[in-house]
Amino acid sequence: MKKMVGLLVALLLTIMMAACGETETDSEAGGNGGTDAGTGSDEGSSTEEATEPEEEEVVLQFGMVAGTQSNEYKAANFLAEYVEEHSNGSLKIDVFPDSQLGDDRAMIDQLQEGTLDLTFSETGRFGIWVPRAELLGLPYIVDDIEHLKRVVYDTTYGQELHEELLNDFNLRILGIAYNGTRQTTSNREINSLEDMKGLKLRVPQAQTLLDYASYSGASPTPMAFTEVYLALQTNAVDGQENPLSTIEAMKFYEVQDYLAMTNHVVNDANYVVSESTWNKLSENQRNILQAGVEAAAAYHTELFETEESDLISYFEEQGVTITYPDLDEFRAAVSEAYPSYFDGIGENAEEYMAEIDEVR
C-alpha cells in the first residue's frame with residue numbers, strides 16, 4: 001500500500017512539473033509574440049505614413065471662342081488630356097468651344113469673378129483693363145512670337161503687366177502660344193507700300209486694324225465678317241486681311257488672286273487661369289497644370305507654324321500669287337499712328353516702346 005501511494009505521489013509530481021514547463025514556454029512565446037507584434041505594428045505605421053492620401057478631384061472649365069475644328073480647340077484638349085493623365089485623374093478640364101460661355105470679353109470677366117477657370121486671350125486684348133497692354137496689339141510692334149515672348153518675359157514692361165493683371169484683376173498668365181499672323185489678300189499685286197494706295201481694304205471695326213489700312217495708304221472698309229466673301233467676289237472691296245488659317249477656312253483664296261505677306265499683326269494666345277481657381281488647387285495640381293500649359297502652348301505654336309507653312313504651298317497650288325513686300329516701309333508708315341495711343345497709356349508709353357524695341 002505504501003508503495004502504491006509513493007507511485008501516485010511521484011506521478012502527480014511529474015504531471016505538475018510538466019505543466020509548469022508548458023506555462024513558462026507559453027509565457028516566453030507570448031513575449032516574443034508581443035515583440036513580433038510590435039514590429040508588425042511599426043511596419044504598418046511606416047507603410048501608412050509613406051502612402052499619400054488621394055487628392056480630391058477637381059474639374060476645371062476652359063471657355064473659348066474658337067470652334068471645334070480650330071487649332072485652339074486641339075491645344076485645349078491636349079492640355080485636358082495631359083493634366084488628367086499626370087494627376088491620375090484628380091485634375092480634369094472640360095472644354096467649352098464656340099463661345100458657349102460668352103465672347104472673349106465676357107469670359108475674361110468671368111475669370112476675374114472666379115466663375116470660370118481658364119480661357120485664351122491675346123495680350124493686346126488686356127488693354128481694356130491695363131491700357132499699356134494695347135501696345136502689343138498695334139501693327140508692326142511685334143516681329144514674331146519669339147519677339148513677343150521676350151517683350152513679355154524679359155522686360156520690366158512685360159513683367160509688370162503680368163503682375164498687374166494678377167494682383168489687380170485676378171488673372172494669372174500660365175503660358176503664351178503663337179496664334180497666327182495677319183496677312184493681306186487682294187485683287188491686285190502688292191509689292192510695295194505704293195501698291196496699297198486706294199485699295200479698298202475690308203477690316204474689322206477695330207481701331208488698330210483701321211489704322212493699319214489708312215496709314216498704309218489703303219481705304220479702310222469695315223464690314224461684317226459674313227459679308228466678306230461676296231464683297232471680294234463682286235469687287236465691292238479689293239482685299240481683306242486675316243491670318244492664313246482664316247483665309248483658308250473662309251475660302252477667300254477662291255476670290256482673291258494675290259496674297260501679300262504683310263505680317264502686320266502677330267497674334268498670340270495667352271493661357272489665362274483665374275487666380276481664384278489657382279488658389280484652390282493643391283501644390284501638386286498647380287505644378288501639373290503649369291507643366292501642362294507649357295506643353296500645350298508648344299503644341300499650339302507648332303500647329304499654327306506647320307499649318308501656315310503648308311498653306312503657303314496650298315495657296316500657290318490654287319493659283320494665288322504670293323508676294324513679300326518690304327516691311328520696313330510699311331512699319332515706318334504705320335508707326336505714325338502710334339502717338340494717338342500714347343495718351344490713353346500714360347506718360348511712360350514711349351519708355352515702354354523703347355523696351356519693346358530693345359528686345360527686337
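In which helix does N71 lie? N71 lies in helix α2, and this briefing on a predicted model begins with that helix before turning to a pair of crossing helices, a residue of α10 and several backbone angles. The protein chain folds into 13 helices and 9 strands, and 45% of its 360 residues are buried. Among contacts with a separation of 6 or more, those between residues 24 or more positions apart account for 74%. The chain exposes about 18,300 Å², of which carbon and sulfur atoms supply 48%.

**Helix α2 and its surroundings**

- Helix α2 covers residues 71–86, and because each of its 16 residues should add 1.5 Å under the usual reckoning, the expected span is 22 Å, which agrees with the 23 Å between its end C-alpha atoms.
- The buried residues of α2 are N71, E72, A75, A76, L79, A80, Y82 and V83.
- An α-helix has 3.6 residues a turn, so residues three or four places apart point the same way.
- The cover over the buried residues of α2 includes the strands β1 (58–63), β2 (91–96), β3 (118–121), β4 (171–186) and β8 (258–274), together with the helix α10 (283–317).
- N71 has a relative accessibility of 7% and therefore counts as buried, since the cut-off for that class is under 20%.
- Leaving aside residues up to four places away in sequence, N71 touches L303, F304 and E307.

**Helices α4 and α5**

- The axes of helix α4 (residues 145–154) and helix α5 (residues 156–169) come within 4 Å and cross at roughly 70°.
- Because angles of 65 to 115 degrees count as roughly perpendicular, α4 is described as roughly perpendicular to α5.
- On the α4 side the contact is made by V151, V152, Y153 and D154, while α5 contributes T156, Y157, G158, Q159 and H162.
- Sorted by class, the contact of α4 with α5 has 4 nonpolar, 4 polar and 1 charged residues.

**A297 in helix α10**

- A297 has its place in helix α10, and with a relative accessible area of 7% it is buried, because that value is under 20%.
- Not counting residues up to four places away in sequence, A297 touches I176, A177 and Y271.
- A297 and N270 are 27 residues apart in sequence, and their C-alpha atoms are 8.7 Å apart in space.

**Residues with a positive phi**

- Most residues other than glycine have a negative phi, which is the background for the three residues described below.
- N88, just after α2, takes a positive phi of about 55°.
- D98 is not a glycine, yet has a positive phi of about 60°; this residue lies in the loop between β2 and α3 (104–113).
- The relative accessible area of D98 is 45%, so D98 is partly exposed, falling between the cut-offs of 20% and 50%.
- Y140, likewise a residue other than glycine, has a positive phi near 65°, and its place is in the loop between β3 and α4.
- Y140 is buried, because its relative accessible area of 2% is under 20%.

Note on methods
Residues numbered from 1 in each chain as written. Predicted model: local features only at pLDDT ≥ 70, side-chain atom pairs only at ≥ 80, totals over all residues. Heavy atoms only, no water. Helix = DSSP H or I, 4+ residues; strand = E, 2+ residues; numbered from the N terminus. Buried < 20%, exposed > 50% of the residue type's maximum accessible area, 1.4 Å probe, protein only. Contact = heavy atoms within 4.5 Å. Areas by Shrake-Rupley, 256 points an atom, 1.4 Å probe, with all protein chains shown as cover. Expected span 1.5 Å × (residues − 1). Axes fitted to C-alpha atoms, helices over the stretch in contact; angles between N-to-C directions. Parallel < 35°, antiparallel > 145°, perpendicular 65-115°, else oblique. Nonpolar A, V, L, I, M, F, W, Y, C, P; charged D, E, K, R; others polar.
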